[in-house]
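Colleague: I am new to this structure and should like to learn how its features are read. Could we begin with the contacts between charged side chains?

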Amino acid sequence: MSQRYSDSSVEEKLLEYRFHSELRLDAKGNPASGLPVVRSSLHSRSNAAFQPDTPAPPELAPESQEPRTIILSTQSPAALKMGTQQLIPRSLAVSSKAKTPARHQSFGAAMLSKEAARRNPQLLSAPSFSLDDMDLDTGPGGMLKRNLRNQSYRAAMKGLGTPGSEGAPVQLTPKLQALAEEPSQPPARPAAKNKKTLGRKRAHKGSFKDDPRLYQEIRERGLNTSHESDDDLLDEPPSPEGTRKVDAPIVVKSYRPPQITWSQLPEVVESGILDQLPAEERKRQEAIFEILTSEFSYQHSLGILVAEFLQSRELRATMTQMEHHHLFSNITDVLSASRRFFEDLERRHKAQVCVEDISDILEEHAEHHFHPYISYCSNEVYQQRALQRLTNSNATFREALRAIEQRPACGGLPMISFLILPMQRVTRLPLLTDTLCLKTQGHPERYKAASRALKAISKLVKQCNEGAHKMERTEQMYTLHTQLDFSKVKSLPLISASRWLLKRGELFVVEETGLFRKLASRPTCYLFLFNDVLVVTKKKSEDSFMVQDYAQVDHIQVQKMEPSEASLPGGGNRSSSVPHPFQLILLHNSEGRREKILLSCDSASDRARWITALTQRERQAHGPPNKGDLLQVEITKAYLAKQVDEITLQQADVVLILEQEDGWLYGERLRDGETGWFPEDFAQSITSRVAVEGNVRRMERLRVETDV
């Protein structure tokens, strides 16, 4: 014990000696003669040479000037509070493992760094304090709680530094860097940039392939739906300042540099063409390059799925051959198609600094090489079912999967985020291609080629959607055929290639008609609404239903009612027991008669969803509404549909809202026209009129290319 304290004392003395020598301090810790002392005002007489345009303020009286003592790190409030011995990340102390020279600073060093920043404004680019994405927090008694985020503190510190400083050796001598003077105030937005500097900051060393990113970590600029312009997206990296929490500790945050753009490529900067190229052409080159780089990230993530999950012997041993096939399907074929696509794009990119066009590559692959996507998307229903079954009932599978997901190569992401990558990529390609179309409108030949590519890719997406729906609907109809008992009514041939389920669920029967007079003890019915027929049943068990009646959708009328209008049999009226009623009229039931059924739902949103589903054909007959007048929302986090009438959404999807009720939204997805319900908590409104009108035009273009 004494030896450890002795070593600690020696280390502190050595550290104090180094700080004194490097910071030029005397024995008492004050600045040596000749070193300007930093006071509350930075406009001191010693700095007059650096402030030629700003007059210095008058000198304060000697009695009002109090010397400020420079506080060393060993004497900082944090050191005094926590004690002389503290645990710090090892990467901060070992020079061979730290990637950048950025480190924590004491308050005294921070004050000196402000003076240094005035002399060298480049120091202002150092990372500032932030609380976003940290994984440490304080609990009761000052104890630390761990693993609040996927990324550890050490991992967060590894990339700390300024762009272009990777690989630089860490200097053991103190190096002053600027910190934000007022952490509570966000940094001011820089002045508008000249359009001629679009995306041009500095040349990145090496290739974009040197630091591959997971596709889950990027968002293509071509998917942008906000009011920001292309110039904003290319010129300004995301702000590292997050929302500060008052009661949370302060840590230094690591930010990966923004995704490299075409204008930052060394070969582009060195060629000198940026000063000659029009702004619109630079935007087109950026759109082309983004398709290339995003395909590389996508291919990288698919490679991890194959190497870490598909080819894992431990994981394969926990399931049957059929389950393994359902889980991964033809993902190796999808990966091969992605590699061929990327190779063709990269070959074109290497051959020309300014790429002439890639529309022919997009069209060729969409028409002749992307068919594995259709098979993979068609298997989605079996994939989800297999994963759910293995996760719920196979403990060995869960343990093996958890061990793989914790590997560094997987980035702390679950396997499902890798499995859905082909669906995500194939639905983003039309939007990226549409962005390319917009950038080529001034060139007729290129625009025609881009439009042909958009048509081919939109057709591919439509085939993927149809394949997924066909497999799901076919299996669903076969299952329902075995569950519905038509013994009490005229039999209905349920299985049909053109029939699918729109909505199902149990409702309360308020008014007993001839169908339900014998069911007064449990006045409920279970409805199955298909796209062409409504089947009214009584639930016998979880997988058995007795059919009471049915009618064609064209022979149905629906009327929304208020609780006061719902009268019970015998003339009674209890509005509290009928909170959300609506009346269902079968104009021509299975026996050719007219039947009325008064139903009640548990919530207003449930009633709205039933009425929307039951009147779908009627609304389609009236034609689509003016989409320019509809509310638009952007999805802030992914949502997985839980019922038939809901819609699965990805982050950054744009949805046109057709209805909203009690915390639920019903809308049309921009990229493919699919409709469904989802919670409003998963979306935020798009208020920019420019963005709204642009989304409407994009939707119209995608519809035209898909329908042609």
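Modeller: A salt bridge is a side-chain nitrogen of Lys or Arg within 4 Å of a carboxyl oxygen of Asp or Glu. This is a predicted model, in which local features need pLDDT of at least 70 and side-chain atom pairs count only at pLDDT 80 or more, while totals for chains, interfaces and linings use all residues. Residues are numbered from 1 along each chain as its sequence is written, and side-chain values use heavy atoms, with hydrogens and water left out.

Colleague: How many salt bridges does that rule give?

Modeller: The count comes to 21 salt bridges. One of them joins E542 to K539, with the closest N and O atoms 3.2 Å apart. Salt bridges that share partners also join E281, R284, E356 and R446 into one network.

Colleague: Is E542 buried or exposed?

Modeller: Buried means under 20% relative accessible area, exposed over 50%, and partly exposed in between (1.4 Å probe, protein chains only). E542 has 66% relative accessibility and therefore counts as exposed, whereas K539, at 23%, is partly exposed.

Colleague: Which residue forms a salt bridge with E295, and where do the two lie?

Modeller: The partner of E295 is R425, and their closest N and O atoms are 2.8 Å apart. Helices (H or I, at least four residues) and strands (E, at least two) are DSSP runs, numbered from the N terminus. E295 lies in helix α7 (residues 279–310) and R425 in helix α16 (residues 421–439), so the pair links distant parts of the chain, 130 residues apart. E295 is buried because its relative accessibility is 1%; R425 is buried too, at 0%.

Colleague: How should a sheet be read?

Modeller: Strands of a sheet pair through backbone hydrogen bonds, either parallel or antiparallel. Two strands are taken to pair if DSSP finds at least two bridges between them. Here five strands form an open sheet in the order β16-β15-β14-β13-β17, with antiparallel pairing. The edge strands, β16 (675–679) and β17 (683–685), each pair on one side only.

Colleague: How many bridges join β13 to β14?

Modeller: Four bridges join β13 (residues 631–635) to β14 (residues 654–661). Within this pairing, V633 has V655 of β14 as its bridge partner.

Colleague: Which helix packs on the sheet?

Modeller: Helix α18 (residues 604–614) does, touching β14, β15 (664–669) and β16; contact means heavy atoms within 4.5 Å. The direction of α18 makes about 110° with that of β14. For such angles, axes are lines fitted to C-alpha atoms, for helices over the stretch in contact, and angles run from 0 to 180 degrees between N-to-C directions.
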